[in-house]
Amino acid sequence: MRMALELARKGKGWTAPNPLVGAVIVKAGRVIGQGYHEEYGQPHAEVKAIASASECVSGATLYVTLEPCSHFGKTPPCSDLLIEKNIKRVVIGITDPNPLVAGKGIERLRNNGIEVITGVLEVEIQQLNEVFIKYIVTKEPFVVMKSAMSLDGKTATVTGESQWISSRTAREQVHGLRHELAGIMVGIETIIRDNPQLTSRTPNSKNPIRIVVDSQLRIPMVSTVLHYQDKAKTIIATTKRASREKLKTLKKMGIEVIVTKEQFGRVNLRELMRRLGARGIDSILLEGGATLNFSALKEGIVDKVQVYISPKIIGGKNAKTAVEGEGVLSLKSAFQIKRLKTVMVGEDLFVEGYIDK
């Protein structure tokens with residue numbers, strides 16, 4: 001199953017909105033086939049593993065990270081294929097949370113005389129597929145809030161200089177995450193101040209969909225994110241306060257604009273998540289400024305937090321921090337982080353955890 005788990009990781013960034021799945025076939029103590037779901041719309045892991053088998057798979061054991069599907073989608077049901085190929089035993093990491101499957105694949109296998117074992121490396125596989133699990137259940141994207149700061153909590157100097165607080169190694173890791181997640185979201189202040197590209201510079205990677213939260217549609221028409229000619233489109237989220245003329249101009253440029261109701265005088269982030277999810281965006285890397293970060297936390301859209309802490313002290317009463325806004329009024333109201341993990345990334349301390357909802 002660990003082999004299957006490592007195979008599944010290879011599909012990161014390419015399978016959305018499908019899960020990451022790996023499969024290994026074992027017969028007489030020997031691995032005779034293996035495969036993983038490589039890209040959305042392509043054959044599933046079980047199909048790839050059977051196709052790669054060095055000998056007949058009849059009587060073999062299949063190890064697969066996720067319950068084999070039992071419904072017709074882009075491809076035929078994998079459970080039917082396993083029955084047809086006379087697989088003797090199937091060892092499964094996690095049950096598929098997809099309501100279309102949800103144990104039906106397991107039931108079908110057992111009803112056809114196949115031994116089924118479940119729950120192997122369940123925690124690790126759930127974490128690998130945390131994006132898929134949230135999206136398939138809620139139809140809303142999994143949101144990762146990422147920040148880089150100095151040891152004293154500053155994200156820039158008093159003059160606004162922020163490049164680069166984190167190390168090259170940390171920045172490379174973030175670009176990999178931009179490839180893995182479907183979208184990247186920033187606030188309008190970030191666009192005005194930095195004019196970022198919001199792309200992944202990792203070799204052989206794809207760019208995320210660019211999402212700009214801009215309540216009054218202040219985005220400069222020369223902004224880099226408005227002039228890309230790539231597969232990853234740019235979406236601007238705004239409110240009814242936006243200029244109608246500017247809105248028309250942006251639409252003529254091919255920029256998608258989502259107009260939400262106002263929440264606290266700004267874009268309603270909960271509504272935005274629902275509407276992005278309806279567009280098939282299953283995950284978002286939030287690289288917002290301090291105000292947007294607080295709004296995202298306050299409205300409860302953040303699932304995971306990632307912080308790179310650089311061994312620098314910047315100081316400055318007015319220097320920016322990662323989360324500002326109006327803040328909480330008491331420690332009891334603070335946003336609690338659970339399942340905390342720390343590791344060194346280059347010269348930076350990387351801290352990761354999940355919002356306790």
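Buried here means under 20% relative accessible area and exposed means over 50%, with partly exposed in between. The model is a predicted one, and that scale is handy for following its salt bridges. Take Arg 30: its relative accessible area is 39%, so this residue falls in the partly exposed class. Its partner Glu 55, at 32%, is partly exposed as well. The two side chains meet in a salt bridge, with N and O 2.9 Å apart. Arg 30 sits in strand 2 (residues 30-36), while Glu 55 belongs to the loop running between helix 2 (45-52) and strand 3 (61-66), so the bridge ties together parts that are 25 residues apart in sequence.

That pair belongs to a total of 21 salt bridges in the structure. Another one joins Glu 140 to Arg 270, whose closest N and O atoms are 2.7 Å apart. Here the link is between distant parts of the chain, 130 residues apart: Glu 140 is in the loop between helix 6 (130-138) and strand 6 (142-150), and Arg 270 is in helix 10 (residues 269-278). With a relative accessibility of 12%, Glu 140 is under the 20% limit and so counts as buried. Arg 270, at 28%, is partly exposed.

Glu 262 and Arg 241 make a further salt bridge, with 3.2 Å between the closest N and O atoms. Glu 262 is found in strand 11 (residues 262-263) and Arg 241 in the loop between strand 9 (234-238) and helix 9 (244-252), so this bridge holds together parts that are 21 residues apart in sequence. Glu 262 is partly exposed at 39% relative accessibility, and Arg 241 is partly exposed at 39% too. Elsewhere, Glu 130, Lys 304, Lys 341 and Glu 352 are joined into one network by salt bridges that share partners.

Back in helix 6, there is Lys 134 to look at. This lysine counts as buried, because its relative accessibility of 18% is under the 20% limit. What does Lys 134 touch, leaving aside neighbours within four places in sequence? Its contacts are Lys 139, Glu 140, Pro 141, Phe 142, Ile 301, Asp 303 and Lys 357. Glu 140 in that list is the residue already met as the salt-bridge partner of Arg 270.

As for the strands, five of them form an open sheet with mixed pairing, in the order 2-1-3-4-5. Strand 2 and strand 5 (115-117) are the edge strands, each pairing on one side only. On average, and with direction ignored, neighbouring strands of this sheet are turned by 15° against each other. Strands of a sheet pair through backbone hydrogen bonds, and they can do so in a parallel or an antiparallel way. Strand 3 and strand 4 (residues 89-94) go for the parallel option, over five bridges. Thr 61 stands opposite Arg 89 of strand 4.

Then there is the nonpolar interior. The largest nonpolar core has 35 residues, and the members touching the most others are Ile 25, Leu 62, Val 64, Leu 82 and Val 90. Apart from this core lies another, of 29 residues, which includes Val 174, Leu 177, Val 212 and Tyr 308. Val 90, one of the well-connected members of the largest core, touches Leu 62, Val 64, Pro 68, Leu 82, Leu 109, Ile 114, Glu 115, Val 116 and Ile 117, not counting residues up to four places away in sequence.

Conventions:
Residues are numbered from 1 along each chain as its sequence is written. This is a predicted model: local features need pLDDT of at least 70, side-chain atom pairs count only at pLDDT 80 or more; totals for chains, interfaces and linings use all residues. Side-chain values use heavy atoms; hydrogens and water are left out. A nonpolar core is a set of buried Ala, Val, Leu, Ile, Met, Phe, Trp, Tyr and Cys residues joined through side-chain atoms within 4.5 Å. Buried means under 20% relative accessible area, exposed over 50%, partly exposed in between (1.4 Å probe, protein chains only). Contact means heavy atoms within 4.5 Å. A salt bridge is a side-chain nitrogen of Lys or Arg within 4 Å of a carboxyl oxygen of Asp or Glu. Helices (H or I, at least four residues) and strands (E, at least two) are DSSP runs, numbered from the N terminus. Two strands pair if DSSP finds at least two bridges between them. Axes are lines fitted to C-alpha atoms, for helices over the stretch in contact, and angles run from 0 to 180 degrees between N-to-C directions.
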